[in-house]
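Q: Could you give me a close look at a single part of this structure, please? I'd like one connected walk-through, with the neighbouring pieces brought in where they help.

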Amino acid sequence: MSGSDIMLSIVTPVYNEEEVCDVFFDRLLPILASITADFEVVCVDDGSRDGTLETLMRRRRDEPRIKVLSLSRNFGKDPALMAGIDYARGAAVVPIDADLQDPPELIADMVAKWREGYDTVIGVRSDRSQESRPKRWSASMFYRVMGQVSAVDVPPNAGDFRLLDRKLVDALRRLPERSRFMKGLYAWVGTNPTFLYYERPERVAGKTKWRYWRLWNFALDGIFSFTTLPLRIWTYVGVFVSGMSGLLGLYIVLTTLMRGADMPGSTTVLLAVLFLSGVNMIGLGVLGEYIGRIFHEVKQRPLYLVDRAIGFEQLPEANGRPILPGSPRLLE
């Protein structure tokens, strides 16, 4: 296909990114125009509290190929990203953040790789030296654990920045789960991938929304969404503790028969009770993580609700009822 033959969709979820929007568009739009004249930029405002939505609307007046989804509240990055993917109409879809830590210049290389026949082109960070040492260590541990326990192959140091062929986009839209770990879902549906390596710069403006607590919960979502190994581990822990208890009981019986009755110290009993109570609480916590996800799934609530859809010719049906019921501003 020549450049003019493709419809290219860029999906960008934004939350309180007023400071970076203009810089992002000034850098992105000339790159897209050099690739194809038929493109769209689907921006999803995830309940921003600053002037992000107004900035998006202002830029749309200058460039109608910028399309805007305004969600009814803040649903989180992955639901907002999925909203943009649902509404994207391109033969190839590229999710990218607005902070410019993912270089838009790589989109041309991604399209070139896609034309060679690859279904997905994944951007991989080759250098994370600008990040703090604890963050680099925690990211390394997360990808190492995911590689060992997950049934899908999640590429290390790969974020949402990638190109997806339309058939993969349609496959993603068919997945019904509410607890979505997008990196795992990309790997679950992905076939015939290739990789582009790049050095990730710092944000051009603003502050990251990813604090350590959110990153911790994000890691838990990834693990609990794609493996039941934690449940199996606690089965083994239970067998081990029961076996050790049996051996200890046998030791006490033999000692009593050979040496007579002995009065054990209260400290030993207290430590044993506290240890076993802690093991039980951890096991219940792991079980609760899975039950909590079942609780969210069986309610079948929509993944997101759209308050305004601006610049779209039609509204898709995906993930239940994504449009806010009764909203007077469904399509503009």
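A: One cut-off first: a residue is called buried under 20% relative accessible area, exposed over 50%, and partly exposed in between. Keep in mind that you're looking at a predicted model.

Let's take strand 3, which covers residues 66–71. 6 of its 6 residues are buried, so strand 3 is largely enclosed by the rest of the structure. You can check this face by face: I66, V68 and S70 sit on one side, K67, L69 and L71 on the other, and all of them are buried. So a lysine and a serine are on the buried list along with the nonpolar residues.

Now for the partners. Strand 3 pairs with strand 2 (residues 39–45) in the parallel sense, over 5 bridges. If you want a landmark there, find V41, which stands opposite I66. Strand 3 also pairs with strand 8 (residues 306–310), this time antiparallel and through 4 bridges. The landmark for that pairing is S70, with R308 of strand 8 opposite.

R308 deserves a second look. This arginine has 16% relative accessibility, under the 20% cut-off, so R308 counts as buried. The C-alpha atom of R308 is 9.8 Å from that of D45, although the two residues are 263 apart along the chain.

Back to the parallel pair. Helix 2 (residues 52–62) joins strand 2 and strand 3 in a right-handed β-α-β unit. Follow that helix to R59 and you reach some charge pairing. In general, side chains of opposite charge can pair when their charged atoms come close. R59 makes a salt bridge with D22, where the closest N and O atoms are 3.1 Å apart. That pair connects helix 2 to helix 1 across 37 residues of sequence. R59 makes another salt bridge with D26, again with 3.1 Å between the closest N and O atoms. D26 also lies in helix 1, so this pair ties together parts that are 33 residues apart in sequence.

How accessible are R59, D22 and D26? R59 has a relative accessible area of 12%, so the arginine is buried. D22, at 25%, is partly exposed, and so is D26, at 48%. Zoom out a little and R58 comes in too: D22, D26, R58 and R59 are linked in a network of salt bridges. In total, the structure holds 11 salt bridges.

One last stop is the loop between strand 1 (8–14) and helix 1 (18–35), where you'll find N16. Its phi is near 55°, a positive value in a residue other than glycine. As background, most residues other than glycine have a negative phi. N16 has a relative accessible area of 24%, so it counts as partly exposed.

To put it all together: strand 3 is buried on both faces, with strand 2 as its parallel partner and strand 8 as its antiparallel one. Helix 2 completes the β-α-β unit, and its R59 pairs with D22 and D26.

Note on methods
Residues numbered from 1 in each chain as written. Predicted model: local features only at pLDDT ≥ 70, side-chain atom pairs only at ≥ 80, totals over all residues. Heavy atoms only, no water. Buried < 20%, exposed > 50% of the residue type's maximum accessible area, 1.4 Å probe, protein only. Helix = DSSP H or I, 4+ residues; strand = E, 2+ residues; numbered from the N terminus. Pairing = 2+ DSSP bridges. Right-handed = clockwise from strand over helix to strand, strands pointing away. Salt bridge = Lys/Arg side-chain N within 4 Å of Asp/Glu carboxyl O.
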